[in-house]
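Student: I would like to learn how to read features off a model. Where should we begin?

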Amino acid sequence: FDFAFRFSPVAFTVFGKDVFWYGIIITVGIILAVLYAFMRAKQSGIKPDHMYDYSIFTIIFGIIGARTYYVLSELDSYNSFMDAIAIWKGGLAIYGGVIGGICALIVTALVKKHKPLRILDCAAPATMIGQMIGRWGNYMNQEAFGAPTDLPWRMLSENTIVNGAVTAVHPCFLYESLWCLLGFVILHFFGKYRQRYAGQIFYLYMAWAENYTC
């Protein structure tokens with residue numbers, strides 16, 4: 001579809017510092033995910049005060065995990081510890097974020113003497129929301145694309161370079177975003193009407209996550 005969009009990855013500048021669309025979109029995804037988790041927790045009889053703790057620790061260690069995973073996968077690109085922690089320059093990996101978030105939820109649940117699987121059931125669909133929205137940050141950066149294609153929904157920009165040439169490619173960010181949207185809908189309604197035991201929604205999330213496009 002011959003739609004042409006021109007934009008900058010920088011949304012605006014504050015005191016000489018660029019604020020990127022990528023960070024804004026990820027923040028929106030986190031906020032919506034937390035709001036959904038609070039709604040699910042209320043339905044499950046989990047007190048809001050506890051959910052505040054879960055949310056804070058999950059976000060903190062999710063970001064740490066996402067950054068750590070990315071740095072380890074691109075270790076040759078970093079020359080110092082300061083470079084490695086410069087998250088404002090970009091570089092997050094969703095797999096590390098999920099691992100960090102899950103670990104934070106489990107440890108916090110054990111400290112609070114809650115059943116970890118019960119908490120993970122609330123967090124799983126919420127995670128889908130964050131991933132679904134967060135992938136659009138890749139679009140703003142013109143990254144996370146796939147192999148060359150002639151399909152009508154292909155994407156093309158100065159960043160879609162394959163074998164040294166600008167090429168029309170598969171929009172993998174879009175595929176994963178739609179996959180997460182479908183996964184969220186399934187998990188939400190399954191949890192509402194079909195769940196039979198604690199951890200079932202979390203296990204379904206893990207199975208769904210194994211089939212991501214990118």
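Tutor: Begin at the surface, and remember that this is a predicted model. Ile 56, Phe 57, Ile 60, Phe 61 and Ile 64 make a nonpolar surface patch of about 450 Å².

Student: Where does Ile 64 sit, and how accessible is Ile 64?

Tutor: Ile 64 is part of helix α2. Its relative accessibility is 44%, so Ile 64 counts as partly exposed.

Student: How should I read the spacing of residues along a helix?

Tutor: Start with the general idea. An α-helix has 3.6 residues a turn, so residues three or four places apart point the same way. Now look at the other residues of this helix. The buried residues of α2 are Met 51, Tyr 54, Ser 55, Gly 62, Gly 65, Ala 66, Arg 67 and Val 71.

Student: What covers the buried residues of α2?

Tutor: The cover includes α1 (21–43), α3 (81–85), α4 and α5.

Student: What span should α2 have, and how far apart are its end C-alpha atoms?

Tutor: Use 1.5 Å a residue. The 26 residues of α2 should then span 38 Å. Its end C-alpha atoms are 37 Å apart, which agrees.

Student: How does α4 do on that test?

Tutor: Helix α4 covers residues 94–112, which is 19 residues. From first C-alpha to last, α4 reaches 27 Å, close to the 27 Å expected.

Student: Which residues of α4 are buried, and what covers them?

Tutor: The buried set is Gly 96, Gly 97, Val 98, Gly 100, Gly 101, Ile 102, Ala 104, Leu 105, Thr 108 and Ala 109. Their cover includes α2 (48–73), α5 (116–141) and α7 (200–209). So read the two helices together: α4 is among the elements that cover the buried residues of α2, and α2 is among those that cover the buried residues of α4.

Student: What follows α4?

Tutor: Lys 113 does, and its phi is positive, near 60°.

Student: How do I read charged pairs?

Tutor: Side chains of opposite charge can pair when their charged atoms come close. In this model the count comes to 2 salt bridges.

Student: Which side chain meets Lys 112 in a salt bridge?

Tutor: The side chain of Asp 53 does, at 2.7 Å from N to O. This pair links distant parts of the chain. Lys 112 is in helix α4 and Asp 53 in helix α2, 59 residues apart.

Student: How accessible are Lys 112 and Asp 53?

Tutor: Lys 112 has 23% relative accessibility and counts as partly exposed. Asp 53 is partly exposed too, with a relative accessible area of 28%.

Student: And which side chain meets Arg 135?

Tutor: Glu 176 is the partner, with 3.2 Å between N and O. Arg 135 lies in helix α5 and Glu 176 in helix α6 (residues 172–193), so the pair ties together parts that are 41 residues apart in sequence.

Student: Are Arg 135 and Glu 176 buried or exposed?

Tutor: Buried means under 20% relative accessible area. Arg 135 is at 15% relative accessibility, so Arg 135 counts as buried. Glu 176 is at 1%, so Glu 176 counts as buried as well.

Student: What does His 188 touch?

Tutor: Locate the residue before listing contacts. His 188 lies in helix α6. His 188 is buried, with a relative accessible area of 16%. Leaving out residues up to four places away in sequence, His 188 touches Tyr 36 and Met 39.

Student: How do strands β1 and β2 pair?

Tutor: In the antiparallel sense, over 4 bridges. Strand β1 spans residues 10–14 and strand β2 residues 17–20. Take the partners one by one. Phe 12 stands opposite Val 19. Val 14 has Lys 17 as its bridge partner. The two strands form a hairpin with 2 residues between them.

Student: What should I check in the turn?

Tutor: Check the sign of phi. Most residues other than glycine have a negative phi. Phe 15 is not a glycine, yet its phi is positive, about 50°. Phe 15 sits in the loop between β1 and β2. Its relative accessible area is 84%, so Phe 15 is exposed.

Student: Is Gln 142, with its positive phi, buried or exposed?

Tutor: Gln 142 is buried, with a relative accessible area of 12%. Its phi is near 55°. Gln 142 is found in the loop between α5 and β3 (161–162).

Terms used
Residues numbered from 1 in each chain as written. Predicted model: local features only at pLDDT ≥ 70, side-chain atom pairs only at ≥ 80, totals over all residues. Heavy atoms only, no water. Expected span 1.5 Å × (residues − 1). Buried < 20%, exposed > 50% of the residue type's maximum accessible area, 1.4 Å probe, protein only. Contact = heavy atoms within 4.5 Å. Salt bridge = Lys/Arg side-chain N within 4 Å of Asp/Glu carboxyl O. Patch = residues over 30% accessible without salt bridge, like charges linked within 9 Å, V, L, I, M, F, W, Y side chains within 5 Å. Areas by Shrake-Rupley, 256 points an atom, 1.4 Å probe, with all protein chains shown as cover. Pairing = 2+ DSSP bridges.
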